[in-house]
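Thanks for coming. I will talk about pockets today, so please have the sequence and the model open.

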Amino acid sequence: MAPEIKFTKLFINGQFVDSQSGKTFPVVNPSTGKVICQVSEGDKADIDLAVEAANEAFKLGSTWRTMDASARGRLMEKLAGLMERDMHYLAQLETYNNGKPLKDAVFDIYGAIYALKYYAGWADKIHGQSIPADGNVFVVTRKEPVGVAGQIIPWNFPILMLAWKWGPALATGCTVVMKPAEQTPLTALYMAHLTIEAGFPPGVINVVNGFGATAGAALASHERVQKIAFTGSTAVGKLIMEAAAKSNLKRVSLELGGKSPIVVFPDVDLDKAVQTCHDAVFANMGQCCCAGTRTFVHESIYDQFVEKATELARKRKLGDPFGEVDQGPQVSELQFNRIMALIEAGKKEGAGLKVGGQRHGPEGYFIEPTVFVDVQDDMRIAKEEIFGPVQQIMKFSTMEEVIKRANDTHYGLAAGILTNDINRALTFSQAVNAGTVWVNCFLHVTAQAPFGGFKQSGIGREMGEEGIHSYLEMKTVTISMSKF
């Protein structure tokens, strides 16, 4: 049964309001392709109002600025508790809007709660230092919130990415203007409602639905936004950097695309390796920035690996994400068409299609789990981020070869190696150009560990202590000890 849609307007200064223009846009159920509801469409005028509210909430002497750091943490804990209370509804809403299987939505919400609680614990542990500086002076540093943070999140993990952004911003004492992805705004709006119940002061958190070219661009270029955080494509990340530079040189943190390698050596349990590589690429319908889409398998076990990987993909169950399935639909028709075009490119360029490659079912945006073999490094499917349920299995001979090929990309978000040889694992971990390296696992992401990319996979880190730094300014205070 479809969940009730409770909130569709913009959330500005603690209230749900219509957009200034009165415009709305449709939100679509990817399982059917049918419209769920209409939501308010924000643009520059609404971003201006939200930024004004966030600046008012951040001004000196405000409730938020004078609140004890420990009290900020307790508000975050309360918000996490409300998420736990409403877990079932949030998971249903996420599945309805995004299309991921309900069990995966539940997993994501637990991860979001975990992230908020983790950063709630940081709220009163952010502090400066006393420095033994030269001269008759007393020197201390202060770590202060940067101010209003603009945050733009993607559609693949809507509520999880919200928590990854809100957590460090609120822990440090910033205020927030968030633009959720236009495909998946519904859980962000419900979370905005929960912030009222949790007791956050008006203006601390604002959520503006809208499109990237209007609301997103206005947020990235706003003169009164001091920091912009974005998760999404590399192409859009470049536009955001440009907008930030041309406006007020606001701080920028970017978590962008990937084409992550996962390397399989012959000294591992083959069945475990096949399962790990399968999960690395097919999780979340392949819509994962750090998905292990380039599967490098040693030549001595290549044929056996391909046979088992093909069979595993063939058994993957697709269908209604509210049912007992492994895979739901892609998030949108646009994404569906892009993936299918890349599958066709793989066929035309000579990759061997072992399974899948077709639309599944008469409605919605379902794509069969797809496995390509004998993939060459210069093929489009080996170079471009597909963001869909498409595994590319490639053959290698030596460590030196596979390191060179793994690094031959402008991405550098993640990488993995499966081996029982510690020297191999350490050699690969040191040599591969990636922000995260998984050894004998993949997609193991936790709140305590920093996450982000090398090269064109991003700037800065989210999660862990590192995730706090981009929301802080460092201030040095020098006091003369001489009588004045």
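A word on labels before the pockets: helices and strands here are DSSP runs, H or I over at least four residues for a helix and E over at least two for a strand, numbered from the N terminus. Note also that this is a predicted model.

On to the largest pocket. Its volume is about 1200 Å³. There are 47 lining residues, and those closest to the centre are W155, Q183, G232, S233 and V236.

Which element gives the most to this lining? That is α9, with seven residues. On the sequence, α9 covers 234–246, and at least two lining residues each also come from β3 (24–29), α8 (212–220), β10 (227–231) and α12 (333–348). By residue class, the lining of the largest pocket holds 26 nonpolar, 13 polar and eight charged residues.

Now the second largest pocket. The space in there is about 760 Å³. Its lining has 35 residues, and nearest the centre you will find F107, D108, F157, L160 and L443. Two or more lining residues are supplied by each of α5 (102–122), α6 (158–172) and α10 (270–282).

And which element gives the most here? For the second largest pocket it is α5, with eight residues. The split for this lining is 20 nonpolar, seven polar and eight charged.

To put the main contributors together: α9 leads in the lining of the largest pocket, and α5 leads in that of the second largest. That is what I have on the pockets.

Conventions. Residues are numbered from 1 along each chain as its sequence is written. This is a predicted model: local features need pLDDT of at least 70, side-chain atom pairs count only at pLDDT 80 or more; totals for chains, interfaces and linings use all residues. Side-chain values use heavy atoms; hydrogens and water are left out. On a 1 Å grid over the protein atoms alone, a cavity is a set of points where a 1.4 Å probe fits but cannot get out, and a pocket is an open set with protein on both sides within 12 Å along at least five of seven lines; lining residues have an atom within 4 Å of a point. Grid points are joined across faces, edges and corners, and a volume is the space filled by probe spheres set on the points. Ala, Val, Leu, Ile, Met, Phe, Trp, Tyr, Cys and Pro count as nonpolar, Asp, Glu, Lys and Arg as charged, and the others, Gly among them, as polar.
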